[in-house]
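Me: I'd like to go through the charged contacts and the surface of this one with you. Can we start with a single residue and work outwards?

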Amino acid sequence: MQFSGRRRNLRLAGDQKSACYPHSLQFYLEPPSENISLIEFENLAIDRLKLLKTVENLGVSYVKGTEQYQSKLEAEIRKLKFSFRENLEDEYEARRRDHISHFILRLAYCQSEDLRRWFIQQEMDLLRFRFNILPKDKIQNFLKDSHLQFEAISDDEKSQREPDIIASSPSLSGTQLEFESVYKIPFADALDLFRGRRVYLEDGFAYVPLKDIVAIILNEFRAKLSKALAVTLCCL
């Protein structure tokens with residue numbers, strides 16, 4: 001990411017825009033490469049910080065995931081013009097702002113343990129919000145694009161393992177499982193569920209219902225972001 005006196009306008013066709021930011025959420029695996037002005041840099045940093053402060057405050061005032069929490073956070077994201085829903089038209093600019101602003105705040109929040117801890121927690125809560133409203137038919141592509149080896153099993157495979165999956169997930173009934181996607185995940189990525197005896201294991205893989213996969217995704221995100229912040233600090 002380079003700075004200039006004014007922003008360079010990039011002209012991209014629709015398919016190129018989709019390729020840049022295929023989803024309304026991301027793991028921020030690649031840093032931005034375009035030129036931006038110092039004014040835009042400052043504005044994006046301010047808006048991202050406003051968003052993360054809102055995430056923090058709403059997490060204190062409301063139970064995360066409740067209707068009130070979701071609606072208030074969605075309103076703030078809309079106001080600040082960041083991405084949040086998968087099926088909205090012309091989301092390129094919102095996703096671009098989200099991408100660049102995340103990396104800008106990395107520069108500031110990599111510099112102490114307390115700052116890193118705060119930044120990671122708010123970014124995790126923001127990712128959780130976005131993942132929870134991600135359409136089910138978009139989840140597999142998001143996992144693939146995030147380099148996560150989590151594969152949804154077929155209905156036949158799910159039926160074969162239904163008794164074992166339900167026995168390992170006490171809060172999940174047979175009726176619920178019928179409409180729930182189940183993901184085949186490497187055992188090492190599901191250690192927290194294994195320790196709590198809340199997952200079915202077979203041949204080195206965990207079979208995880210959709211309702212439990214968000215915790216694993218957040219753990220992966222935390223690990224990657226923590227490592228990235230350490231690398232950023234070393235490069236300053």
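Me: Is Asp 212 buried or exposed?
Reply: In this predicted model, Asp 212 is buried, with a relative accessible area of 9%.

Me: And which side chain does Asp 212 meet in a salt bridge?
Reply: The side chain of Asp 212 meets that of Lys 211 in a salt bridge, with an N to O distance of 3.1 Å.

Me: How is Lys 211 classed, then?
Reply: Lys 211 is partly exposed, because its relative accessible area is 35%, and the partly exposed class lies between 20% and 50%.

Me: How many salt bridges does the structure hold?
Reply: The structure holds 19 salt bridges, one of which joins the side chains of Asp 98 and Arg 48 at 2.6 Å, N to O. That pair links distant parts of the chain, since Asp 98 is in helix H4 (residues 92–109) and Arg 48 is in helix H2 (residues 38–61), 50 residues apart.

Me: Which other side chain meets Asp 98 in a salt bridge?
Reply: The side chain of Arg 130 also meets Asp 98 in a salt bridge, at 2.9 Å, N to O. This pair too links distant parts of the chain, with Arg 130 in helix H5 (residues 113–132) and Asp 98 in helix H4, 32 residues apart.

Me: Why do Asp 98, Arg 48 and Arg 130 count as buried?
Reply: Buried means under 20% relative accessible area, so Asp 98 counts as buried at 1%, Arg 48 counts as buried at 0%, and Arg 130 counts as buried at 2%.

Me: Which residues are linked in a network of salt bridges?
Reply: Glu 34, Glu 40, Glu 93 and Arg 96 are linked in such a network.

Me: Switching to the surface, which residues make the nonpolar patch?
Reply: Phe 187, Leu 191, Phe 194 and Leu 201 make a nonpolar surface patch of about 300 Å².

Me: Where is Leu 191 placed?
Reply: Leu 191 has its place in helix H9, which covers residues 191–195.

Me: Why can Leu 191 belong to that patch?
Reply: Leu 191 is partly exposed, with a relative accessible area of 31%, and patches are made of residues with over 30% relative accessible area and no salt bridge, so the value for Leu 191 satisfies the area cut-off.

Note on methods:
Residues numbered from 1 in each chain as written. Predicted model: local features only at pLDDT ≥ 70, side-chain atom pairs only at ≥ 80, totals over all residues. Heavy atoms only, no water. Patch = residues over 30% accessible without salt bridge, like charges linked within 9 Å, V, L, I, M, F, W, Y side chains within 5 Å. Areas by Shrake-Rupley, 256 points an atom, 1.4 Å probe, with all protein chains shown as cover. Salt bridge = Lys/Arg side-chain N within 4 Å of Asp/Glu carboxyl O. Helix = DSSP H or I, 4+ residues; strand = E, 2+ residues; numbered from the N terminus. Buried < 20%, exposed > 50% of the residue type's maximum accessible area, 1.4 Å probe, protein only.
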